[in-house]
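Have the sequence and the model open side by side for this one. We'll take a walk through the fold, one stop after another.

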Amino acid sequence: MSDCIFCKIAKGEIPSKKVYEDEEIFAFHDINPITPVHFLIIPKLHIASLMEADMSHQMLLGSMLAKANELARSQGLEDGFRIIINTGRIGHQEVYHLHVHILGGPEPLGSMIKRNAS
Ligand code: 5GP
Ligand code: ZN
């Protein structure tokens with residue numbers, strides 16, 4: 001996808017703070033971190049979101065999650081982290097190139113999503 005910002009980051013056409021790269025995935029720090037450590041893992045292949053993923057992407061999706069532990073540790077997240085994959089309109093996805101958020105820091109992150117007061 002020629003106009004996709006994350007495709008351009010994966011190709012090095014837009015600069016980023018790289019965490020890791022291999023033939024199929026690229027990881028880089030989020031430009032607007034919401035936790036002390038916040039980076040993204042993306043496939044080099046343009047997949048718009050998990051809504052476009054299927055079993056043909058099984059190996060690639062597996063690689064992204066299987067690599068998360070090593071990459072999180074490389075960023076100092078020795079005691080756990082959170083993974084978020086925002087998906088589609090309801091999932092509040094903003095960039096339509098599939099990405100895994102890895103979030104963490106020295107303090108526990110708190111509960112996942114605030115429950116609505118009822
Ligand atoms: P989403 O809401 O789609 O799950 O998250 C997109 C994430 O991409 C956001 O956390 C945002 O800060 C990050 N982001 C958007 N544009 C750029 C960019 O050009 N460079 C980097 N490093 N992160 C970006
Ligand atoms: Zn893309």
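What follows is a tour that begins at the metal site, moves through the helix and strands, and ends in the loops.

Keep in mind that this is a predicted model. Start with the zinc ion (ligand 2), whose protein donors are C4 (SG), C7 (SG), H46 (ND1) and H97 (ND1), at 2.0 to 2.3 Å from the metal. What geometry does the site of the zinc ion (ligand 2) have? It's tetrahedral, with angles of 106 to 116° among the 4 donor atoms. Read along the chain, the donors of this zinc ion follow the spacing C-x2-C-x38-H-x50-H. Look at C4 and H46 in particular: C4 sits in the segment before α1 (5-10), while H46 belongs to the loop between β3 (37-43) and α2 (58-74), so this pair ties together parts that lie 42 residues apart in sequence. The two aren't equally covered, either. C4 is buried, at a relative accessible area of 6%, whereas H46 is partly exposed, at 23%.

Now follow the chain into α2. This helix has 17 residues and reaches 25 Å from its first C-alpha to its last, close to the 24 Å expected at 1.5 Å a residue. There is still a kink in α2, of about 40° and centred on A68. That residue also turns up among the buried ones of the helix, which are L60, M64, K67, A68, L71 and A72. And what do the buried residues of α2 pack against? Their partners are β1 (18-21), β2 (25-29), β3, β4 (82-84) and β5 (100-104). Just after α2 comes G76, with a positive phi of about 90°.

On to those strands. β1 and β2 pair in the antiparallel sense over 3 bridges, and a hairpin of 3 residues takes the chain from β1 to β2. To get your bearings in this pair, find Y20, which stands opposite A27 in β2.

β5 is worth a longer stop. It runs antiparallel to β3, with 5 bridges joining the two, and antiparallel to β4 as well, through 3 bridges. You can see both pairings at H101 in β5: L40 stands opposite it, and so does I84. How many of the 5 residues of β5 are buried? The count is 5 of 5, so the strand is largely enclosed by the rest of the structure. In a regular strand, side chains alternate between the two faces of the sheet. Here V100, I102 and G104 point one way from β5 and H101 and L103 the other way, and all are buried.

Finally, the loops. S49 lies in the loop between β3 and α2, the loop that also holds H46. Is S49 buried or exposed? At 1% relative accessibility it counts as buried. Leaving out residues up to four places away in sequence, S49 touches T87, Q93, Y96 and L98.

H92 is in the loop between β4 and β5. It has a positive phi of about 60° although it isn't a glycine, and with a relative accessible area of 55% H92 is exposed.

The last stop is D79, in the loop between α2 and β4. At 80% relative accessibility, D79 counts as exposed. Its C-alpha is 9.6 Å from that of E107, with the two residues 28 apart in sequence.

Technical notes. Residues numbered from 1 in each chain as written. Chains lettered and ligands numbered in written order. Predicted model: local features only at pLDDT ≥ 70, side-chain atom pairs only at ≥ 80, totals over all residues. Heavy atoms only, no water. Donors = N, O, S within 2.8 Å, 3.2 Å for Na, K, Ca; no water. Tetrahedral: all angles 85-135°; square planar, octahedral: opposite > 155°, others 65-115°. Helix = DSSP H or I, 4+ residues; strand = E, 2+ residues; numbered from the N terminus. Buried < 20%, exposed > 50% of the residue type's maximum accessible area, 1.4 Å probe, protein only. Expected span 1.5 Å × (residues − 1). Bend = angle between axes of the 7 residues up to and from the residue. Contact = heavy atoms within 4.5 Å. Pairing = 2+ DSSP bridges.
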